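The report below describes strand pairing, helix packing and the surroundings of a ligand in one model. The structure comes first, and the description follows.

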Amino acid sequence: MSITSQAAARGTSSHERLAAQDQPPTDVVQLKHPLRIASAGLVIFTAVAGGYSVVTNENFQWDRVAFYAFNPQILAGLRSTLILTVAAVTMGLVLGIILATFRISQNRVLSGVAGLYLWFFRGTPLLIQLIFWFNFAALYPRLGISIPFGGPELVGASTNDVLTVWFVALLGLTLNEAAYMAEIIRGGLLAVPKQQTEAAQALGMSQLLLFRRVVLPQALRVIIPPTGNQVIGMLKYSSLVSIIALPDLLYSAQLIYSQNFETIPLLIVVSLWYLLCTSILTVIQRRVEKYYGRGTASAPTPKAAKAIRKEKARLSEVPA
Amino acid sequence: MSIGTTEIDQTGAAPMESSNNSPREPIVRVVDLTKSFGGLDVLKGVNLEVERGEVVCILGRSGSGKSTLLRCVNHLERPDSGAVVVDGFVMGYRAKGGKLHELRTGDAAKQRQTVGMVFQSFNLFPHMTVMENLIEAPRKVQGRGRDELVGEARALLKDVGLLEKENAYPGTLSGGQQQRVAIARALMMQPKVMLFDEPTSALDPELVGEVLEAMKRLAATGMTMMVVTHEVGFARNVADRVIFMADGVVVEDGPPSQVIDNPQAPETKTFLSTLL
Ligand SMILES: Nc1ncnc2c1ncn2[C@@H]1O[C@H](COP(=O)(O)OP(=O)(O)O)[C@@H](O)[C@H]1O
Ligand SMILES: [Mg+2]
């Protein structure tokens, strides 16, 4: 390869070389991105065409969608779904915190038990767990407190009286949720540097105080984004309870379309409600994330800046 | 308490005199202290005393056990044997009936208030503003009023030249600023002894001076200080005493004029020659 062809390969030969006394030109011609424009155009065209087809296709039966959107049975199902989600996430969170502290405990028995729990509940499908709890009466026809190893029963009731569909649904969702939350919380706690704990200890803070005020707020920054995903996931996975005939959003729709076979419009109604709920949750998640990210972002968000100004005003009320 | 003025300390004794006065009255006593980590003997019987108002610098090469010694003084580390006595109390234990009874973690935490500590890596709480960092522990641990604490915190921030940063988050401050805040935060607990573990080692060279200056002014108020440092200049100018540690024991202990300028132990000689 000759010297000149090397220069050409580097792409320098086609450039005008500025002489030492020349000023570089000031007019800049921006680089064009024809492929970007073309691909965006293609995507927009496909989306519009698809949207047009969806709206005009009579088989979607949009009038029936509108008809069922606020059907009382559907709304009652939506209510059940929301209650299930909130209850399962809350109880799962509490149980998850306990499991996480067990898991990172120095006590081998506690961490072993927590490990076993996680192994089982993360290792089996939620659907099977729900069906299993639903059929628990087959294993233990009576539930109660009795002297162990075959002694007499002190208090008790028939398993089927205790395990109503709501109880089974909450039990199944909670136990499963707790396993995932435990791992998320453990990760968050481990992400807080040990030096933070030591600094708090050196200031005389008790274990509880330093956990609450120093470790937990920092761990939450790590915990919250995946927890938001868990809540959104739970909203959707709770539809699995339709398998045990709990009238949640999906099962309420199934009850209606099993009678009149308006399957498509009812599934669309259900999907729109799920979409609305998950969208709201996503917005909430963003806000909470921002709040717990304070002190770490390079520049404070407008909201944080406002909070800082407020705090400043509050502090300046105190005479220096 | 303030850094700027030479106050009489809480004991009522004028601190700079106490180091010259006899009878001597140690506020920190380290007695036959040993500590090992999984078979590695890090402290092999350390004995030393620090008097009220005294500034003691601890030198020694990396791994000689300096940090472990400081961490035993405020009982962040539990000694294997021996004891640390601060202001008459055995750290981490209750002396009773000729025996040491281990304290519950809550009581050990309370006991730690008497000893302030400044770390190499500052360790400010990143989710709290400077002001919140300062008032959190005295408010929650000592139950003192917010208004009173804010006033005190401002005075301390002024002393370290950071009054305008009270609402800043630590992440927005330089290392030198963070370390000065950390010093102020430790002082908010009104400790009787201050421990410094290489407070300037994580700083860019141009920021070292401001932190040493703050420490020097604190020393001038009569605060009792134990400072692990590689800043020989600081040790020579500010310390009342310099201790040299090697391999888990104190090999040399005396005024800076002796330990730094006229070292006797071969370890001290080698170490100082590598610094120069
Ligand atoms: N928590 C710990 N676990 C195991 N080894 C440790 C621990 N802390 C300190 N060490 C070891 O003890 C020795 C002394 O450490 P340190 O007291 O930090 O020395 P220095 O501060 O003088 O450099 C080092 O070899 C270090 O690796
Ligand atoms: Mg060290």
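In the hairpin formed by β11(B) and β12(B), where two residues lie between the strands, B:D247 adopts a positive phi near 55 degrees. Strand β11 of chain B covers residues 241-246 and pairs with β12(B) in the antiparallel sense over five bridges; here strands (E, at least two residues) and helices (H or I, at least four residues) are DSSP runs numbered from the N terminus, and two strands pair if DSSP finds at least two bridges between them. Within this pairing B:M245 stands opposite B:V250 in β12(B), and B:I243 has B:D253 of β12(B) as its bridge partner.

This is a predicted model, in which local features need pLDDT of at least 70 and side-chain atom pairs count only at pLDDT 80 or more, while totals for chains, interfaces and linings use all residues. Residues are numbered from 1 along each chain as its sequence is written, chains are lettered from A and ligands numbered from 1 in the order in which they are written, and side-chain values use heavy atoms, with hydrogens and water left out.

Both strands of that hairpin belong to an open sheet of six strands in chain B, with the order β8-β9-β10-β3-β11-β12 and mixed pairing. Its edge strands, each pairing on one side only, are β8 (115-118) and β12 (249-254) of chain B. From one strand to the next the twist averages 20 degrees, where axes are lines fitted to C-alpha atoms, for helices over the stretch in contact, and angles run from 0 to 180 degrees between N-to-C directions. Helix α2 of chain B (residues 66-73) packs on this sheet and touches β3, β8, β9, β10 and β11 of chain B, its direction making about 155 degrees with that of β9(B); contact means heavy atoms within 4.5 Å.

A second open sheet in chain B has four strands in the order β2-β1-β4-β5, with antiparallel pairing. Here β2 and β5 (89-90) of chain B are the edge strands. Strands β1 (residues 26-37) and β4 (residues 81-86) of chain B run antiparallel and are joined by five bridges, and B:V84 in β4(B) is the bridge partner of B:V30. On this sheet, too, α2(B) packs, touching β1, β2 and β4 of chain B, and its direction makes about 120 degrees with that of β1(B).

Another hairpin is built from β6 (residues 93-96) and β7 (residues 99-102) of chain B, which pair in the antiparallel sense over four bridges. B:R94 stands opposite B:H101 in β7(B), and B:G97 takes a positive phi near 55 degrees in this hairpin, which has two residues between the strands.

The residues around ligand 1, each with a heavy atom within 4 Å of it, include B:F37, B:R61, B:G63 and B:K66. They divide into three nonpolar, six polar and two charged. Of the elements, α2(B) gives the most to this shell, with three residues. Three polar contacts to ligand 1 (pairs of N or O atoms within 3.5 Å) are listed here.

| Residue | Protein atom | Distance to an oxygen atom of ligand 1 |
|---|---|---|
| B:S64 | polar backbone atom | 3.2 Å |
| B:G65 | backbone N or O atom | 3.0 Å |
| B:S67 | side-chain N or O atom | 2.6 Å |

Taken alone, ligand 1 exposes 560 Å², of which the protein buries 59%; accessible areas come from the Shrake-Rupley method with a 1.4 Å probe. The elements that give two or more residues to the shell are β2 (40-51) and α2 of chain B.

Conventions: A polar contact is a pair of N or O atoms within 3.5 Å; within protein, one must be able to donate a hydrogen and the other to accept it, and residues adjacent in sequence count only if both atoms are side-chain atoms. Ala, Val, Leu, Ile, Met, Phe, Trp, Tyr, Cys and Pro count as nonpolar, Asp, Glu, Lys and Arg as charged, and the others, Gly among them, as polar.
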